[in-house]
Amino acid sequence: MRCPHCESLEDKVLESRTMFNGDVIRRRRECLSCGYRFTSYERIEEKQFMVIKKDLRREPFDITKLERGIERALEKRPVSTSVIEQLSDEIEGIAIKKAKESREISTTELGEIVLEKLYSIDKVAYIRFVSVYRHFENLDEFIKEAKKINKKEKTSDL
């Protein structure tokens, strides 16, 4: 496996983990040349999993794009990168299960999965993500969403 940092082909596997009922193997690797650690995934190559955009275009699911959105929402929040990776993997697994035979999921469904997961991890990240995802136009929409969270928090404390 080529190191994404120095491009050396020499590495060692630190940890292997089976995911999604054995459909994926996640491997943590360390480059023997520079010591950089990275993750690789092995999957059975099937029909590509697609995302249906709002304008009905279809594009291949890209986990790095998902991770970037989650990382932006969690920027400067007390959440580790390993939690972000695990969260992305969970979201991908849920999305694939929801897509079933068609191997397609809408951006709306995918966004709702992300929102649900972010809500359980960090409320600030949830607000950041929802404000972009739902295209808040003004402060009132932002305040309305914050009040919903506050109301949910109060009812869950009872």
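Two colleagues discuss a predicted model of one protein chain.

Biologist: What makes up the protein chain in terms of helices and strands?
Modeller: The chain has 5 helices and 6 strands. From the N terminus, the order is β-β-β-β-β-α-α-β-α-α-α.

Biologist: Why is α1 called oblique to α4?
Modeller: The axes of α1 (residues 63-73) and α4 (residues 123-133) cross at roughly 120 degrees. Roughly perpendicular covers 65 to 115, and roughly antiparallel needs over 145. An angle of roughly 120 degrees fits neither class, so α1 is oblique to α4.

Biologist: How do you know that α1 and α4 make a contact, and which residues make it?
Modeller: Contact means heavy atoms within 4.5 Å. G69, R72 and A73 of α1 make the contact with A125, R128 and F129 of α4. The helix axes come within 8 Å.

Biologist: What makes the residues of this contact nonpolar, polar or charged?
Modeller: The split is 3 nonpolar, 1 polar and 2 charged. Ala and Phe count as nonpolar, Arg as charged and Gly as polar. So A73, A125 and F129 are nonpolar, R72 and R128 are charged, and G69 is polar.

Biologist: What share of the protein chain is buried?
Modeller: Buried residues make up 35% of the 158 residues. Buried means under 20% relative accessible area.

Biologist: What area does the protein chain expose, and what do carbon and sulfur atoms supply?
Modeller: The exposed area is about 10600 Å². Carbon and sulfur atoms supply 50% of that area.

Biologist: Which box do the C-alpha atoms fill?
Modeller: Along the principal axes, the box is roughly 55 × 35 × 30 Å.

Definitions and conventions: Residues numbered from 1 in each chain as written. Predicted model: local features only at pLDDT ≥ 70, side-chain atom pairs only at ≥ 80, totals over all residues. Heavy atoms only, no water. Axes fitted to C-alpha atoms, helices over the stretch in contact; angles between N-to-C directions. Helix = DSSP H or I, 4+ residues; strand = E, 2+ residues; numbered from the N terminus. Buried < 20%, exposed > 50% of the residue type's maximum accessible area, 1.4 Å probe, protein only. Areas by Shrake-Rupley, 256 points an atom, 1.4 Å probe, with all protein chains shown as cover.
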